[in-house]
Structures are given as structure tokens and as C-alpha cells.
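Biologist: I have the sequence and the coordinates open side by side, and I would like to walk through the fold with you. Could you put them up here before we start?

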Amino acid sequence: MSVLVAAPVALLAQGYNAIFLDDIDSDTLQGTFNIPIEGPHRNKINYTLNKYDLVVMDEASMISPRIFQTTASTFNHLNTHPVVLLAGDECKQQPLQTIDGRITSTTSIINDHVSIL
């Protein structure tokens, strides 16, 4: 099975690469989904995601609705559809966004869209 772990920060992605070596691939959410860091630029669809059977999006509490919408749109453009697993804890850090040069907290997709059973 071909697995990719997409993490919200590079430190996590590097940690997964160190732990799992060649067994899985790991990258940041921005790198995985070609999400521009700043500005209103549109992301380009990363068609190399077609090769994965499973995509784990780690630390889902740090994923903003805007980032989640971009990831969902990317999966809708792929030729194949990997299983997508969102892993996270609603009590963890909320996502950050920059507005007018100031970093502020924004709502997480876990708090808005996911029901905890």
C-alpha cells in the first residue's frame, strides 16, 4: 500500500520521514497540495497524489476550512481516489491565518465539520 502523511508543519513531516524512512512518504499540507503560502494565487493540482492508496492528513485541528476546501478540491480532480484519513484532536492548537500582516487564530475543520462519537 502506498501511503502519504500530510502534516501542517514541516517539523512533523520531517519526524515522520525519520521514523518511517522509505515505508511512507511525508510532506507538509502546503507541499502536498501545492497551496501558496501567501497571496491569492490558485494552487496547482498535484496529480502525483494519484499514486497513493491512503492519504493521512495529520493534526486536523490545525487545518483551516480554506485549506480543507483546497485539499477536497484537489482530490476531486484526481483520476484515482485514495482513502483519506483525517487524524486530530479537537483540543489541540487551532489553525493560524495572516490577515493584514497580523497572525490570528481561525476556526478548525474539526470544530466545524466533524462530529465526535
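Biologist: What is the order of the strands in the open sheet, and is the pairing parallel or antiparallel?
Modeller: Keeping in mind that this is a predicted model, the open sheet has four strands in the order β2-β1-β3-β4, and their pairing is parallel. The edge strands, each pairing on one side only, are β2 (25-28) and β4 (83-86), and from one strand to the next the twist averages 20 degrees.

Biologist: How many bridges join β1 to β2?
Modeller: Four bridges join these two parallel strands, and within this part of the sheet L4 stands opposite D25 of β2. On its pairing with β3, β1 again runs in the parallel sense over four bridges, with A6 standing opposite M57 of β3.

Biologist: And is β1 mostly covered or mostly open?
Modeller: β1 is mostly covered, since five of its five residues are buried by the cut-off of under 20% relative accessible area. V3, V5 and A7 point one way from the strand while L4 and A6 point the other way, and all of them are buried. In a regular strand, side chains alternate between the two faces of the sheet.

Biologist: Which strands does helix α1 touch where it packs on the sheet?
Modeller: Helix α1, residues 10-20, packs on the sheet by touching β1 and β2, and its direction makes about 170 degrees with that of β2. Helix α3 also packs on the sheet, but there the strands touched are β3 and β4, and the direction of α3 makes about 175 degrees with that of β3.

Biologist: Let's go inside. Which residues touch the most other members of the largest nonpolar core?
Modeller: That core has 14 residues, and the ones touching the most other members are L29, F33, L49, V55, M57, I63 and F75. The elements that give two or more residues to this core are β1 (3-7), β3 (54-57) and α3 (65-77). Apart from it lies another core, of six residues, which includes V5, Y16, L54 and V56.

Biologist: What is L29 in contact with, leaving aside neighbours within four places in sequence?
Modeller: With that restriction, L29 is in contact with A6, A7, P8, N34, I35, M57, I63 and I67.

Biologist: I see two rings facing each other in there. How is the aromatic pair of F33 and F75 arranged?
Modeller: F33 and F75 form an edge-to-face pair, with 5.5 Å from centre to centre and 80 degrees between the planes, and both residues are buried. The count of aromatic pairs comes to two.

Biologist: Why does the pair tie together parts that are apart in sequence?
Modeller: F33 lies in the loop between α2 (29-32) and β3, whereas F75 lies in helix α3, so the pair ties together parts that are 42 residues apart in sequence.

Biologist: Switching to backbone oddities, which phi sign does N34 have?
Modeller: N34 has a positive phi of about 50 degrees although it is not a glycine, and its place is in the loop between α2 and β3. As a point of comparison, most residues other than glycine have a negative phi. N34 is partly exposed, with a relative accessible area of 32%. E59, likewise not a glycine, has a positive phi of about 55 degrees, and it sits in the loop between β3 and α3.

Biologist: Now the start of the chain: is M1 buried or exposed?
Modeller: M1 lies in the segment before β1, and it counts as exposed because its relative accessibility is 77%, over the 50% cut-off. Leaving aside neighbours within four places in sequence, M1 is in contact with D53 and L54. The C-alpha atoms of M1 and K51 are separated by 9.8 Å, although these residues are 50 apart along the chain.

Biologist: Last topic, confidence. What pLDDT does the chain average?
Modeller: The average is 78, and 70% of the residues score at least 70. Over residues 113-117 the pLDDT is below 50, and beyond near neighbours in sequence this stretch has two contacts in the model.

Biologist: And for my notes, how many helices and strands are there in the chain?
Modeller: The chain comes to four helices and six strands, running from the N terminus as β-α-β-α-β-α-β-β-β-α. Of the 117 residues, 35% count as buried.

Note on methods:
Residues numbered from 1 in each chain as written. Heavy atoms only, no water. Core = buried A, V, L, I, M, F, W, Y, C linked by side-chain atoms within 4.5 Å. Buried < 20%, exposed > 50% of the residue type's maximum accessible area, 1.4 Å probe, protein only. Contact = heavy atoms within 4.5 Å. Pairing = 2+ DSSP bridges. Axes fitted to C-alpha atoms, helices over the stretch in contact; angles between N-to-C directions. Phe/Tyr/Trp six-rings, centres within 6.5 Å; stacked < 30°, edge-to-face > 60°. pLDDT = per-residue confidence, 0-100.
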